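Here are a few exercises to work through with the model open beside you. Try each task before reading its solution.

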Amino acid sequence: MNGNAIISDDMTLEEKLAAIDAAMANAQAQAQADAQDSGKIVAPLDPADLTMCLGCQ
C-alpha cells in the first residue's frame, strides 16, 4: 500500500485519518475475501490479537 496514494499534504488531519481508516478497512475486507476463497484463516481485525493469549484479551 502506497501512503502517497492515500493521503496528501493538503488534507486535514481528520481527512488523513479517515483515508487511512478506509484503506485499512478495504485491505481487511480484501484479505478476508481472499482467505475465505482459498479456505484459509481469516485475517484478524487487530494484529495485536496475535500477540495476546485468550485470557489477556
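**Exercise 1.** Find which residues gather in a patch of negative charge on the surface, then place D10 and classify it as buried or exposed.

*Solution.* Start with the acidic side chains in this predicted model. The surface patch of negative charge brings together D9, D10, E14 and E15. Next, locate D10: this residue sits in the loop that links α1 (3-6) to α2 (13-38). Finally, check its accessibility. The relative accessible area of D10 is 70%, and the cut-off for exposed is over 50%, so D10 counts as exposed.

**Exercise 2.** Identify which residues make the nonpolar surface patch, and compare the classes of M24 and L17.

*Solution.* First, the members: L13, L17, I20 and M24 make up a nonpolar patch of about 390 Å² on the surface. Second, the places: M24 belongs to helix α2, and L17 is in helix α2 as well. Third, the classes. M24 has a relative accessible area of 52% and is therefore exposed, given the cut-off of over 50%. L17 has 46% relative accessibility, so it is partly exposed, a class that lies between the limits of 20% and 50%.

**Exercise 3.** Determine how far the C-alpha atom of L17 is from that of I7.

*Solution.* Take the chain separation: L17 and I7 are 10 residues apart. Then take the distance in space, which is 8.8 Å between their C-alpha atoms.

**Exercise 4.** Now step back: how many helices and strands are there, and what percentage of the residues count as buried?

*Solution.* Begin with the secondary structure: the protein has 2 helices and 0 strands. Then turn to burial: 7% of its 57 residues count as buried. To finish, consider the surface: about 4,700 Å² is exposed, with 58% of that supplied by carbon and sulfur atoms.

Technical notes:
Residues numbered from 1 in each chain as written. Predicted model: local features only at pLDDT ≥ 70, side-chain atom pairs only at ≥ 80, totals over all residues. Heavy atoms only, no water. Patch = residues over 30% accessible without salt bridge, like charges linked within 9 Å, V, L, I, M, F, W, Y side chains within 5 Å. Areas by Shrake-Rupley, 256 points an atom, 1.4 Å probe, with all protein chains shown as cover. Salt bridge = Lys/Arg side-chain N within 4 Å of Asp/Glu carboxyl O. Lys, Arg positive; Asp, Glu negative; His and termini not counted. Charge placed at Lys NZ, Arg CZ, Asp CG, Glu CD. Helix = DSSP H or I, 4+ residues; strand = E, 2+ residues; numbered from the N terminus. Buried < 20%, exposed > 50% of the residue type's maximum accessible area, 1.4 Å probe, protein only.
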